[in-house]
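This report describes a protein chain as its structure presents it, feature by feature. The reader is asked to keep the sequence and the coordinates in view while reading.

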Amino acid sequence: MSSQHPEQKAEQAADRLPAQREEERAEGAAGRSHGGETQQPIARRGMFGGHTTGDTSGFGGLVVRQSPKMSSPRPYGGPRTSGAEGEFDEVADQLERAYPEFGAAIERVVVDRGELTLVVRREHLLEVARVLRDDPKLRFELCTGVSGVHYPEDAGAELHAVYPLLSMTHNRRIRLEVTCPDADPHIPSIVSVYPTNDWHERETYDFFGLIFDGHPALTRIMMPDDWKGHPQRKDYPLGGIPVEYRGATVPPPDERRSYV
């Protein structure tokens, strides 16, 4: 009787199988792309998407594909429920009743990991925020800030702004998300609806270059006024700017010698 575990036998048997030829691997990939698994466009190659230096991460052959844009079906459920109508359905239904242009304003509704995100077209952002704040059955009185996100591969919507909203009256949380192209990085300021967003919009402008139209004083808040570029964009040089140290200059990592 063999003392080997069945799983060990299976692994050894698999190791003895002949390797696939290149044309067989290509046929398998083609079958996946034309079958049930639709191949998404390639977002980047390698672990970090860098091109100027050698990839020392060990993931040089990694192919990361662009994720399809999600849109959740009804019912939306709630933060602790799924598969049945819940808090998120109540919020969406009430917003639709209170804002007649709901269909034109909301691009997608996304429920993921117990969170509801309304993807709003930027020209409707201010009015949607005002309805969410003022409607008695919604009452999202507080916006806790705005976060910028940069997706260079998302053509026509490279820059995103995300707003977490809190209803203290109903103890509910949702998020608004707005996109705009890198070539036209303008989004309406919501400081007139949520005054506490004043500094948050300035920070997002500073780091991502999103221009919040109507902001009372849209100036840099972290970087010097004459700073060039926006440091949290993904196309910003790795390592930032050259570092001066006792008269010597250390270049940023993406400008150092290549090890390829």
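Which residue in S7 stands opposite Ser-147? In this predicted model, the residue facing Ser-147 is Val-162 of S7.

## Overall composition

The model is a prediction, and its chain has 260 residues, of which 31% count as buried. Its secondary structure consists of six helices and twelve strands. Among the contacts in the chain with a separation of 6 or more, 48% are accounted for by residues 24 or more positions apart.

## Strands S6 and S7

Strand S6 covers residues 147-150, and strand S7 covers residues 159-167. The two strands pair in the antiparallel sense, and four bridges make up the pairing.

In a regular strand the side chains alternate between the two faces of the sheet. Strand S6 shows such an alternation: Gly-148 and His-150 point to one face and are buried, while Ser-147 and Val-149 point to the other face and are not buried. Ser-147, the partner of Val-162 across the pairing, thus belongs to the face of S6 that is not buried.

## Helix H6 and its surroundings

Helix H6 spans residues 198-208. Its buried residues are Glu-201, Arg-202, Thr-204, Asp-206, Phe-207 and Phe-208. The elements that cover these buried residues include S6, S7 and strand S10, which spans 211-213. Just after H6, Gly-209 takes a positive phi of about 80°.

Glu-203 is also found in helix H6. Why does Glu-203 count as partly exposed? The relative accessible area of Glu-203 is 31%, and the class of partly exposed residues lies between the limits of 20% and 50%. Leaving aside residues up to four places away in sequence, Glu-203 touches Ile-221 and Met-222. The C-alpha atoms of Glu-203 and Thr-219 are separated by 8.7 Å, and these two residues are 16 residues apart along the chain.

## Helix H5 and the loop that follows

Helix H5 is made up of residues 125-134, and Glu-127 is found there. Glu-127 counts as partly exposed, at 38% relative accessibility. Glu-127 and Val-193 are 66 residues apart in sequence, and their C-alpha atoms are 9.1 Å apart in space.

The loop between H5 and strand S5 (142-143) contains Arg-139. At 29% relative accessibility, Arg-139 counts as partly exposed. Its backbone is treated under the next heading.

## Backbone features

Most residues other than glycine have a negative phi, and most peptide bonds are trans. Against that background, three places in the chain may be pointed out. Arg-139 has a positive phi near 50° and is not a glycine. Arg-113, also a residue other than glycine, has a positive phi of about 55°. Arg-113 lies in the loop between strand S3 (106-112) and S4, and Arg-113 is exposed, with a relative accessible area of 74%.

The third place is a cis peptide bond that joins Arg-74 and Pro-75, with omega about -10°. Pro-75 is located in the loop between strand S2 (63-65) and H3.

## The second largest pocket

The second largest pocket has a volume of about 260 Å³. Its lining comprises 13 residues, of which Pro-79, Gly-114, Arg-172, Arg-173 and Ile-174 lie nearest its centre. By class, the lining holds five nonpolar, two polar and six charged residues.

Which element supplies the largest share of this lining? The largest share is that of S8, with four residues. Helix H3 (87-98), strand S4 (115-120) and strand S8 (172-180) each contribute at least two residues to the lining of this pocket.

## Cysteines

A disulfide is a covalent bond between the sulfur atoms of two cysteines. How many disulfides does the model contain? The count comes to zero, where a disulfide would require a pair of cysteine sulfur atoms within 2.5 Å.

Cys-143 and Cys-180 may be considered by their accessibility. Cys-143 has a relative accessibility of 3% and therefore counts as buried, since the limit for a buried residue is under 20%. Cys-180 is at 1% relative accessibility and likewise counts as buried.

Conventions. Residues are numbered from 1 along each chain as its sequence is written. This is a predicted model: local features need pLDDT of at least 70, side-chain atom pairs count only at pLDDT 80 or more; totals for chains, interfaces and linings use all residues. Side-chain values use heavy atoms; hydrogens and water are left out. Buried means under 20% relative accessible area, exposed over 50%, partly exposed in between (1.4 Å probe, protein chains only). Two strands pair if DSSP finds at least two bridges between them. On a 1 Å grid over the protein atoms alone, a cavity is a set of points where a 1.4 Å probe fits but cannot get out, and a pocket is an open set with protein on both sides within 12 Å along at least five of seven lines; lining residues have an atom within 4 Å of a point. Grid points are joined across faces, edges and corners, and a volume is the space filled by probe spheres set on the points. Ala, Val, Leu, Ile, Met, Phe, Trp, Tyr, Cys and Pro count as nonpolar, Asp, Glu, Lys and Arg as charged, and the others, Gly among them, as polar. Contact means heavy atoms within 4.5 Å.
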